[in-house]
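Colleague: I should be grateful for a close look at a single part of this model, the largest pocket, together with the elements around it. Which residues lie nearest the centre of the largest pocket, and which elements give two or more residues to its lining?

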Amino acid sequence: MSVNAYASLPATSFGSSPAMETRLAALILAGRKRATVWNGELPNETTPGMRWRVSAAGRDAAVIETLSVERRLFRDIDAAFAFDEGEGDRSLLFWQIVHEQFFRQEGSFALDMPLWCERFRLIAALDPDLKRQCEDHVAAEEREAKHILS
């Protein structure tokens, strides 16, 4: 399907900068990122079956479909969920370090903070250029993990 076929879907992005949006969208396109979290104090209207256009740096990159969404405390995130988030080396330790840093920067970190935890699947790749760059982004994630965890 063309990008226009998905134009009516709600748009979302992951990350806090255009570079992070691009990296995380590439991980989705690579099939590596299949989950995400956000502050559980915020309202949530996401339900299983919803489809979203994922944008990165102002461009549509992918279409995803929500499989499940639940609330968990930060401290209750497990290795399986961290692996499905697909970031870094996919370890729980990496997940904890980078997400604690992210939520501290947002001004809302606590071990007992609630998070919305969503699992999703890739429906369509919309950005062929970013799709071709997936391997480079995955390699960069793995290098970052080695640096952070060393």
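Modeller: A pocket is an open set of points on a 1 Å grid over the protein atoms alone, where a 1.4 Å probe fits and protein stands on both sides within 12 Å along at least five of seven lines; its lining residues have an atom within 4 Å of a point. The model is predicted, so local features need pLDDT of at least 70 and side-chain atom pairs pLDDT 80 or more, while totals for chains, interfaces and linings use all residues. Residues are numbered from 1 along each chain as its sequence is written, and side-chain values use heavy atoms, with hydrogens and water left out.

The lining of the largest pocket consists of 32 residues, and those nearest its centre are F14, G15, T36, V37 and F102. Two or more lining residues come from each of helix 1 (18–29), strand 2, helix 3 (92–106) and helix 5 (134–149). Helices (H or I, at least four residues) and strands (E, at least two) are DSSP runs, numbered from the N terminus. Helix 3 gives the largest share of the lining, eight residues. The space in this pocket comes to about 800 Å³, a volume being the space filled by probe spheres set on the grid points, which are joined across faces, edges and corners.

Strand 2 deserves attention next. This strand covers residues 35–39 and pairs with strand 5 (residues 114–125) in the antiparallel sense, over five bridges; two strands pair if DSSP finds at least two bridges between them. V37, which is among the residues nearest the pocket centre, has C117 of strand 5 opposite it. Further along, N39 faces L115 in strand 5. Because four of its five residues are buried (under 20% relative accessible area with a 1.4 Å probe, protein chains only; exposed is over 50%, partly exposed in between), strand 2 is largely enclosed by the rest of the structure.

The sheet to which strand 2 belongs is open and has five strands in the order 1-3-4-5-2, with mixed pairing. Its edges are strand 1 (11–12) and strand 2; each has a single partner strand, so one side of each is left without a neighbour in the sheet. Moving inward from strand 2, strand 5 also runs antiparallel to strand 4 (residues 59–73), and eleven bridges join the two. One of these bridges sets L73 against P114 of strand 5. Strand 4 in turn is antiparallel to strand 3 (residues 51–56), over six bridges, including the one between W52 and I64 of strand 4. The loop between strand 3 and strand 4 holds A57. Although A57 is not a glycine, its phi is positive, near 50°, and at 42% relative accessibility A57 is partly exposed.

After strand 4, a loop leads to helix 2, and I77 lies in that loop. I77 is buried, at 4% relative accessible area. Apart from neighbours within four places in sequence, I77 is in contact (heavy atoms within 4.5 Å) with R72, A82, L92, W95, L115 and C117. Two of these have appeared already: L115 opposite N39, and C117 opposite V37. V98 is 21 residues from I77 in sequence, and their C-alpha atoms are 13 Å apart in space.

The next loop, between helix 2 (79–85) and helix 3, contains R90. R90 has a positive phi of about 70° without being a glycine, and R90 is buried, with a relative accessible area of 15%.

Helix 5, which also contributes to the pocket lining, offers two residues for comparison. Is E141 of helix 5 buried or exposed? E141 counts as buried, at 4% relative accessibility. Beyond its neighbours within four places in sequence, E141 is in contact with R23, L27, E87, G88 and F94. The side chains of E141 and R23 make a polar contact at 3.0 Å; such a contact is a pair of N or O atoms within 3.5 Å, where within protein one must be able to donate a hydrogen and the other to accept it, and residues adjacent in sequence count only if both atoms are side-chain atoms. E144, likewise in helix 5, is partly exposed at 33%. E144 touches R23 and F94, residues up to four places away in sequence not being counted. Between E144 and E87, 57 residues apart along the chain, the C-alpha separation is 9.5 Å.
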